[in-house]
Every structure is written in C-alpha cells, then in structure tokens.
Amino acid sequence: MKAALLSIPALFLAAAANSDDIGFSGMPEMCASCHGRDGASSGSMPSLAPLDEESVRLLLEAYRSGEIEGTIMNRIARGLTDAEIASLAEYFGELEE
Amino acid sequence: MGIRGAETSRRGLLKLAGASAFAGVAGERAVAGVRGKVVVVGGGFGGAAVARYLKLHSAELDIVLVERNEKFSTCPFSNTVIGGFNELEFVTFGYEGLRADGVEVLIGNVVEIDAGGNSIRLSGGEGISYDRLVVSPGIDFKWDAIEGYDEAAAERMPHAWKAGSQTALLRRQLEAMEDGGLVVIAAPVTPFRCPPGPYERASLVANYLSERKPRSKVLILDSKDGFSKQGLFREGWERLYPGMIEWIGFSDGGNVIEVDARSMVVRTDFEEFRPDVANIVPPQRAARLLDTAGLAEGGDWCRVDPRTFESAAAPNIHVLGDACVAGAMPKSGHSANSQAKACARAIASLLAGESPREPAYINTCYSLLSEDYGISVAGVYRPDENGEIASVPGAGGSSPPDAPAEYRQAEAEYARGWFANITAEMFG
C-alpha cells in the first residue's frame, strides 16, 4: 500500500526536551526547526502536537520504509533508530492536546 | 507519568498566562538546580539557539548573549530579498524573545577571548567572565584572496554573504540595471557558508530578470568544478530560465583572481568580464575573533569535539556553526541550529558533573529556484568511531531529479515553512 505522493503530510516533530533524561540523542529538539516548538508549526510543515503516540510511530516507520512517499521526511526518517522512533512517539504523544 | 502530566498542565497554564511555550517547559529540566554562567558570542543560528536551549535545560543558569547588532538578518531567505520577493525586514529579527526567556542580551563588539582567564573583552574594555563560553561568530572573508577585492570594493561589488546592508545594496543594483545587462556571481572555493547559496541566488536573480529585464544574463564564475545540488539546479534553470544562466567552472576558466571595482572589471585565469552588476563572494574562514584565543590553531576553521562542540584548542570554550569543523555537516544555518541544541544539552550535563550522551544531528537546506519551485538536501549525522561527525549511511540526500511540478511546488512551500519555524524557534 503506497500512499500517493504528498497526500499525507510530511510528519515530524517538535520542540523542547524530554523531561526525564537529559541524555538520549535529543532528537525531539531537532524536529522543532521544521515542525515548530512544542509541536505547533507556524508554517507549511504539519504540527505534531495533535498526533498520538501510535500515529507518530507508525508514520515515522512508514516514512523510513518508504511505505509513505513524502519529500524530505523519507530521507530523514531513514537515519532514525528504532529507539529514537520510540522516544519521539512517546514525546510527541505526550504533547497531544 | 506524574512529572510529564505536571509539565503538560504547567505548560497549559503558562500558555494561558501568555508566557512563551519555551518558558513553559524551562522550569523542569532534568538539570534544574545547575548553576553557572554561560556566555554566548554571536546571536545567529548557533548563538541564539544555544542561549535559548540552555535556558530551557536549566532556568537557573546565567546566560549572557553578546551580539554586535540590535537586529539579526538571516542569510537563509536573503536571496528572496535579492530576487525581490521579500523586503529585508522579512529576514530581520530582534532579541525580544530571548530577553523574555531570561537571556541577558548585550549589544557589543567582542574583541578578545582570554581562554586562560575564562573571560572575554568588549571593545569598550569591559570584561565578562564565564564558566563556559560558546562562540558562534560565523565567517570572515579572506580579503586578500582576490586581488583588488577589499571592504571598499565590496561597496561597489557586494558580496551579500552576510545579510543586511549588503543584501539591500545588491538588490538596489539589480533594480538600477538596464535590460540587457550582465550580472556576474563569483562563487568561492569550498568550504564556505551555504554551499547551495550562490546557485539559489543565480536562480532568483534570473527570476527577477526574466520578468522585468528579459534580455539580461547571469554568469556564474566558479572557483570549483562542481557544486551542491548541481543536477537539480541545472534541470530547474533549463525549465524556468532557458538560456539566461551560464555557469563556468574552475577548469573552464571560472576562477576569479582579480577585480577592479572602480572600472567594474572581473578577471579570471583566462578572461576579462565587464559586468553591470558584480556579486563577488570571496573565500572564507572562521571569524578572526577566534584567533585571539588560537581556536583555529593557525588554520581557517576550528576543530571541536563531535559530541559537545568543545574546542580542541582550549577547554571550556565551545565553537558552533560556520566557524567550526563539523565533519560531514555543511556550513548552514540549520547545521548551526542543530549543533546548538546538542551543545546546550552537553553544557547542561557538564555543569551538572555528568557525561554528555551521544548526540544526533540533522541538517536541511532548501533552495528556491522560483516562488513555486523548491529543491532540498538533507542529512542525519552522528559521531563515528574516528571522532568525526559522519552522515548516517542510507539517510539524507537530495530531491529526486525529474520530479513532477507538484513535488517542486511542495518543497517551495516547505522551504517557507522551514523558515517560519526555525526563526520562530530562535527569535519568536
């Protein structure tokens, strides 16, 4: 099942740091540059705050595998580890409003 | 769960109270209670981001940001000012957001770094001491590299490679040029700030000329034999501006060796050109301020630890952005921003007496060829076993060639979205 080009918003993440652990790769912060701090985008990239944990995980895995064809997100998701995807999903899932 | 729940509700309250979203999460960082004074020199993509994220990780830290100018004009999107899509104000930002976060912002000119004394000195003689120093001062030009091209010449042949008055000057020259004129863009040797920048600039200048002065030409004289996203740029130029942009690489005589700004002459190894507008981007090096502490070790750029960005030459000093050697990461605003986040985490850990954890970095460079034609290159990076910042194999890369128009249009939209979000993250 391949989603049509660009029909699913290129996903990704937002803002700040995780509260429990100053360590890990800090990946959620890296997402804020494109997707806005606290998962609230002020531009054309999608906001991530509305997504729940499972959606973030499934989307990132689908971008990584190529099941969804976006633009830049496939190239970035291919650089993420399973552990990072899990942390990102947890982080942005917590921001769900 | 309890901590996160509390954080989320505190965030909500602060949002309701009108405080910034940053302040909302700042109070509960894992290193809350860490004290110390961090001085940041330079308020661009590296400096503004590291100051903000340090405050986020530990509200108790004293953060002093020293920046030369009251306002910062970004190089990213400054080509849209040169192309006439935006005014300079669109790429110009103040430091109110950082001040609201509790960062002390000083407008001043740093003239010396005293690594042994853990202090910096301003042009007025005032000294500022630090526990940790972060320098993100960007580039300086090698004025002696192209004969005749000095600061005075740049007033007639702008570089426009530090955004601001130079950007506006180049725009005015293009507006004043008659139809049928020749615009020369001299592109420098690698490494330099923003590898796709000269070619995005050629595109957006051609966009303006094709609409308003269609008999004009853009000639890129290059000091190298290839450039970033070359195939994608060429494909776009053929599609959008056929016949208007010519590129001459190093081996074909593109290397500019001399200019005469008064008579508007540009000379390469083989030829002489008489452009109506000359945009000379000279070779570059790390800001010379860094030499006051020997941070470039006699070379052009500063070596750093790939995990913390601490200088290889002096302890307690971190060098970010264009000025440092960051392995596979290009010299871009996004790279500096990404490095700043990892550096802020590392400093918070170091001040808490903990070891910094393994970072990962992302870079994204969008280039516009017209308002609705964008291309990109991205990368994900990690420190490797040799102590270099390396690209993650299989990740990253450029936009595909021969993509449909909707793909190019989407990337142009995303370019604008990127600019909106990264500038709001740093300055909003």
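**Exercise 1. Which residues does P275(B) touch, not counting residues up to four places away in sequence?**

Before we start, a word on the ground rules. This is a predicted model, in which local features need pLDDT of at least 70 and side-chain atom pairs count only at pLDDT 80 or more, while totals for chains, interfaces and linings use all residues. Residues are numbered from 1 along each chain as its sequence is written, chains are lettered from A and ligands numbered from 1 in the order in which they are written, and side-chain values use heavy atoms, with hydrogens and water left out.

*Solution.*
- Step 1: find the residue. P275(B) sits in the loop that links β16 (272-273) to β17 (277-280) of chain B; strands here are DSSP runs (E, at least two residues), numbered from the N terminus.
- Step 2: list the contacts (heavy atoms within 4.5 Å). P275(B) touches L182(B), V184(B), M264(B) and V266(B).
- Step 3: compare sequence with space. V183(B) is 92 residues away from P275(B) in sequence, yet their C-alpha atoms are 5.7 Å apart.
- Step 4: check burial. P275(B) counts as buried because its relative accessibility is 5%; buried means under 20% relative accessible area, with a 1.4 Å probe and protein chains only.

**Exercise 2. Work out the strand order of the open sheet in chain B that contains β7.**

*Solution.*
- Step 1: read the order. The three strands run β6-β7-β8 in chain B, with antiparallel pairing; two strands pair if DSSP finds at least two bridges between them.
- Step 2: mark the edges. β6 (110-114) and β8 (127-129) of chain B each pair on one side only.
- Step 3: look at the turn. Neighbouring strands of this sheet are turned by 20° against each other on average, direction ignored; the axes are lines fitted to C-alpha atoms, and angles run from 0 to 180 degrees between N-to-C directions.
- Step 4: zoom in on one pair. β6(B) and β7(B), residues 119-122, share four bridges, and I113(B) has I120(B) as its bridge partner.

**Exercise 3. How many disulfides does a search of the whole structure find?**

*Solution.*
- Step 1: apply the cut-off, a pair of cysteine sulfur atoms within 2.5 Å. The search finds zero over all chains.
- Step 2: try C34(A). Its closest cysteine sulfur, in C31(A), is 8.6 Å away, so the two are too far apart for a bond. C34(A) is buried, at 10% relative accessibility.
- Step 3: try C302(B). The closest cysteine sulfur belongs to C324(B), at 7.7 Å, which is again too far for a bond. C302(B) is buried too, at 0% relative accessibility.

Terms used. Buried means under 20% relative accessible area, exposed over 50%, partly exposed in between (1.4 Å probe, protein chains only).
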